[in-house]
Amino acid sequence: MTEESLIAEDKAEPPSCSPEADEPPLSPSVFRRKFYPDVSDAQWNDWRWHFRNRITSVEDLSRFIPLTVKERTRLKLVSARFPLAVTPYYLSLMDLDDPCDPVRLQAVPSSLEVAAGAGHEDPLAEERDSVVPGLVHRYPDRVLMVLTDICAMLCRHCTRKREWHHGGWIHTPAEIERMLDYIRRTPQVRDVIISGGDPLTLSTPQLEKVLSALRQIPHVEIIRIGTRFPVVLPQRIDEELCAMLSKYGPIWLNTHFNHPNEITPEAAGACDRLLRAGVQVNNQSVLLRGVNDTVDTQLKLCHGLLRAKVRPYYLFQCDQVQGTEYFWTPVEVGLRIIEGMRGHTSGLAIPNYVIDLPDGRGKIPLTPNYVLTRTDHELVVRNYEGHISHFTNPKSAPLPRKPKVGVTAPPQLPFGWTVTEVKNEDRAGIRP
Ligand code: SF4
C-alpha cells in the first residue's frame with residue numbers, strides 16, 4: 001500500500017468512527033492489571049518508567065488496540081510520516097475498542113493525517129521570527145524559548161508536527177546560553193515562555209539551570225512554562241520538580257487538557273502539587289472535531305478544570321497545520337460553544353476563544369455578537385436568553401485636574417453642571 005492508494009481508498013470509503021464492541025471501556029486500574037500485571041506501584045508512579053515504556057510503534061500499539069492487518073499497514077504508512085508516541089498512563093484513559101474515543105483520537109494516528117492535503121508546515125511562522133535558534137521574539141515584551149522538540153506524547157493535532165521529522169533534540173548548553181544572552185541584552189523582555197516540544201522532558205536539574213539563569217536577569221518578571229505533562233504523564237509533577245519550581249516564582253504553567261476524561265485524580269493531584277508550590281496553572285485547550293466540539297463537553301471540561309483549581313484560559317481554534325485537517329471545525333462551532341456557555345455558567349469557567357492568526361500575526365479573540373446596534377448615545381443588546389435591552393452609552397466626562405501649587409482648587413461639581421466663570425472670591429458663576 002502507498003500513500004496514494006490509501007488516500008484513494010479513504011476517499012471512496014471514509015474511515016468509520018463507530019465502536020466495534022459495546023463492551024464498557026476498561027477502567028485505568030483494570031487496564032493496568034491486564035497489560036502491566038508485573039509493574040509495581042513504584043514503577044507506575046515513576047514518570048521515567050512511563051517515558052521509557054512509551055508506545056512508539058504500530059506493532060506495540062496493536063498489543064493494546066485491536067488492529068487488522070490492513071489497519072496496521074495503514075497506520076505504519078501514517079506513522080512513517082507523523083511518528084507515534086503514547087505513554088502507558090495516557091493509553092489507560094482510552095476506550096481501546098472505540099476509534100471515536102476522544103482520548104484515543106488525540107494520540108492514535110489516523111489515515112486522515114496523510115489523506116488531507118490542506119494546511120501549512122509552520123502556520124504561525126515561528127521559524128521566521130526566531131532571533132537566535134530556539135528563541136522566537138514576536139511581541140515586544142515577551143519571548144518564546146524552545147528548549148527541546150521531545151514530548152511525552154505526540155498529539156495528533158500538534159502545531160509543531162513539522163519538528164517530528166527531525167528526531168528528538170535538546171538545545172545544547174551553548175545554544176541555551178545564546179538565547180539567555182539575547183534576553184539579557186533585550187531589556188524590554190519581561191515575560192519568557194519556556195516551551196518545546198515539552199520542556200518538562202528535561203531533567204529537573206537541567207530545567208533548574210535555565211530558570212535560575214532567567215531569574216538573575218532583572219528585567220525578566222514572569223516565567224511561563226508550556227507543558228502537557230499534567231495531562232499525559234502527571235507523575236512527572238513530583239516533589240522534586242515542585243520544590244525546584246517554588247524557588248523561581250512567579251511561574252505560570254500553561255497546560256493542555258482537551259477533554260473531561262483527562263481530568264483524572266492523578267492529573268488533578270499534579271495540578272494541586274503545582275499550586276501548593278506557588279505555580280499558577282492555566283489551561284489552553286484546542287477545539288477539535290470529535291473530541292470537544294460540543295457545549296456539553298466544554299462545560300464538563302471547564303467545570304472539571306475549576307474543580308481542579310485550574311483556570312480555563314484559552315480555547316484555540318485548531319491551527320491549520322498539515323496533517324490535522326480532520327480536526328478542524330468552522331468558527332461558528334466555537335462561537336456556538338461560547339454562546340452556549342455564557343450565562344449558563346460562571347464567567348470563570350469560560351475560556352477566551354481565539355484564533356492564532358496565520359503568518360505570526362497574533363491571537364484575536366472571537367466572541368458571539370451581543371450588541372445589535374450601537375450609537376453614541378445607546379446600545380441595543382441581547383442577553384444570553386435572547387432578551388433585548390437598551391443601554392445608555394455614558395459620555396466621557398473630563399477627569400478632575402490636580403490643582404497647581406498655590407492655586408485654589410475648583411469646587412467639585414455635580415454631574416452635568418458646568419462652570420461659566422470662576423472667581424475665587426465669588427462662586428456665583430456656577431450653574432446647572
Ligand atoms: S505536548 Fe504539545 S508540543 Fe508536544 S506533541 Fe502535544 S501539542 Fe505538540
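Here a biologist and a modeller talk through a predicted model.

Biologist: Let's start with the whole chain: how many helices and strands does the secondary structure come to?
Modeller: The chain has 432 residues, and 47% of them count as buried. Its secondary structure comes to 16 helices and 15 strands.

Biologist: Among contacts between residues at least 6 apart in sequence, what share joins residues at least 24 apart?
Modeller: Here we set aside contacts between residues that are less than 6 apart in sequence. Of the contacts that remain, those joining residues at least 24 apart make up 73%.

Biologist: And how much of the area that the chain exposes do carbon and sulfur atoms supply?
Modeller: The chain exposes about 21,800 Å². The share supplied by carbon and sulfur atoms is 54%.

Biologist: Which residues does the UniProt annotation "binding site" cover?
Modeller: The annotation comes from an unreviewed UniProt entry, and it may be inferred rather than shown by experiment. In the model, C155 lies in the loop between β3 (142–146) and α10 (173–184), and C158 has its place in the loop between β3 and α10 too. Both are covered by the annotation, whose full list is C151, C155 and C158.

Biologist: Which residues surround the ligand, and how do they divide by class?
Modeller: C151, C155 and C158 are part of the shell, and they are joined there by M153, L154, W164, G197 and R228. By class, the shell has six nonpolar, one polar and one charged residues.

Biologist: Is C155 buried or exposed?
Modeller: Leaving aside neighbours within four places in sequence, C155 is in contact with Q106, W164 and R228. Its relative accessibility is 11%, and the cut-off for burial is under 20%, so C155 counts as buried.

Biologist: What does C158 touch, not counting residues up to four places away in sequence?
Modeller: One of its partners is W164, a residue that is also in contact with C155. The full list for C158 is W164, V321 and T324.

Biologist: Now to another loop: with which side chain does the side chain of T345 make a polar contact?
Modeller: T345 lies in the loop between α16 (331–341) and β9 (352–357). Not counting residues up to four places away in sequence, T345 touches L299, H303 and I350. The polar contact spans 2.7 Å, and the partner is the side chain of H303.

Biologist: Is T345 buried or exposed?
Modeller: The relative accessibility of T345 is 18%. Because burial requires under 20%, T345 counts as buried.

Technical notes: Residues numbered from 1 in each chain as written. Predicted model: local features only at pLDDT ≥ 70, side-chain atom pairs only at ≥ 80, totals over all residues. Heavy atoms only, no water. Helix = DSSP H or I, 4+ residues; strand = E, 2+ residues; numbered from the N terminus. Buried < 20%, exposed > 50% of the residue type's maximum accessible area, 1.4 Å probe, protein only. Contact = heavy atoms within 4.5 Å. Polar contact = N/O pair within 3.5 Å; in protein donor to acceptor, adjacent residues only side chain to side chain. Near = heavy atom within 4 Å. Nonpolar A, V, L, I, M, F, W, Y, C, P; charged D, E, K, R; others polar. Areas by Shrake-Rupley, 256 points an atom, 1.4 Å probe, with all protein chains shown as cover.
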